[in-house]
Amino acid sequence: MQLHHIIFKELMAKLTFSGHETFQCRNLWLKKGYEFKNAGLDFNSELAVIDLGVGKNMVTSIRYWLNAFGLLDDDGHTQDLTNLILNDQGKDPYLEDVGTLWLLHYMLVSTNKASIYNLFFNHFRKQRIEFSKQHLMNYLISECNHREEKHSENTIENDIGVLLKNYVRPNSKENSKDVEDSYSSLLIELDLIKPIVDRKDWYECKNEYRSSLPSEIVLYSILSNPRYKDSSSFNFNHLLNDENSPGLVFALDADSLLMHILAITEKFDGAVYKEDAGNRVLQLSSKPDQLNVLEAYYD
């Protein structure tokens, strides 16, 4: 598929703002859903609430998050990557490694089955690093209007609430039940979105160095991006600013991205970084297999 066809398909994909039943993805849900699926069980069965040990709406939410993170293919089957991580003999079945969380974050954004994550990290943040819920609401409504799609404002508002619960650490002043629920969120350890302390209901998602982000996950994000499928040479500015690039998805500034690229050249044979007359390029003379890159990280 040519690059302009890929871009056109991304731009024209119908927006989706519901399906999670207002539940953020909780720590053990993906593993629980993976085992349920591998056992050949049916999310639509009346027995699913018993087999999964959760309420009916949570059953729906678990299935939603498996799809949103790209852990199931279009036919509802588990992917090779899913098995590599979540199988009992896999690399990180209980998602205890922060590198796995960064990988899942990348998949959530790039898979684009839950539109708000792709829009937020690839587009909204180019307009605002600091924002309120209303700013994000206005942007999403504008995007719907631009695409001539109709979506309920209540549905979009719920999606914003779930996005924030997925990423923002809870305030210790909340009641204990809310704090406990918020701390069960899968992605808060990434510290990608933070509340602005002296501005009520304001948040920030800065471009900065991410100390817990493994360079192998950065390389995986480059290799798995369909924009770069036929490339062995990657322009630095594209890696910083392209759709689903590591610069945008991981909210990196230029210096931080360069640090990861230099780390990649040290860890992988055939990876070279070059600067020539202001043109900065990562070159891979022998492109490693995506899953082999993850194997190298976990091993």
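**Notebook: helix H9 and its surroundings**

I began with the buried side of helix H9, where Ile-156, Asp-159, Ile-160, Val-162, Leu-163, Leu-164, Asn-166 and Tyr-167 are buried. I keep in mind that this is a predicted model.

**Entry 1. Helix H9.** What covers these buried residues? I looked around H9 and found that the cover includes helix H4 (56-68), helix H6 (98-111), helix H7 (115-127) and helix H8 (133-146). Strands are part of the cover too, among them S1 (130-132) and S3 (202-204).

Next I checked the length of H9. The helix runs over residues 153-167, which makes 15 residues. At 1.5 Å a residue, I expected a span of 21 Å. The end C-alpha atoms of H9 are 22 Å apart, so the length agrees.

Then I went to the start of H9. Here a side-chain oxygen of Ser-152 comes to within 3.2 Å of the backbone nitrogen of Asn-154.

**Entry 2. Asn-166.** I picked one residue of H9 to follow, Asn-166. Is Asn-166 buried or exposed? Its relative accessibility is 1%, so I noted Asn-166 as buried.

I listed what Asn-166 touches, leaving aside neighbours within four places in sequence. Asn-166 is in contact with Gln-24, Cys-25, Trp-65, Tyr-117, Ser-185, Leu-187 and Ile-188. I looked at Cys-25 in particular. A polar atom of the Asn-166 side chain lies 3.1 Å from the backbone nitrogen of Cys-25.

**Entry 3. The cysteines.** Cys-25 made me look for disulfides. How many does the structure hold? I found zero. Why is Cys-25 not bonded to Cys-205? Cys-205 has the cysteine sulfur closest to that of Cys-25, but the two sulfurs are 19 Å apart, too far for a bond. I checked from the other end as well. For Cys-205 the closest cysteine sulfur is that of Cys-25, again at 19 Å. A disulfide needs the sulfurs within 2.5 Å.

I also looked up how accessible these cysteines are. Cys-25 is at 1% relative accessibility, so I put it down as buried. Cys-205 has a relative accessible area of 0% and is buried.

**Entry 4. Gly-53.** Last, I turned to a loop. Where is Gly-53 found? Gly-53 sits in the loop between helix H3 (48-52) and H4. Gly-53 has 60% relative accessibility, so I marked it as exposed. I took one distance from here. Gly-53 and Asp-75 are 22 residues apart in sequence, and their C-alpha atoms are 25 Å apart in space.

Notes:
Residues are numbered from 1 along each chain as its sequence is written. This is a predicted model: local features need pLDDT of at least 70, side-chain atom pairs count only at pLDDT 80 or more; totals for chains, interfaces and linings use all residues. Side-chain values use heavy atoms; hydrogens and water are left out. Helices (H or I, at least four residues) and strands (E, at least two) are DSSP runs, numbered from the N terminus. The expected span of a helix is 1.5 Å times one less than its number of residues. Buried means under 20% relative accessible area, exposed over 50%, partly exposed in between (1.4 Å probe, protein chains only). Contact means heavy atoms within 4.5 Å. A polar contact is a pair of N or O atoms within 3.5 Å; within protein, one must be able to donate a hydrogen and the other to accept it, and residues adjacent in sequence count only if both atoms are side-chain atoms.
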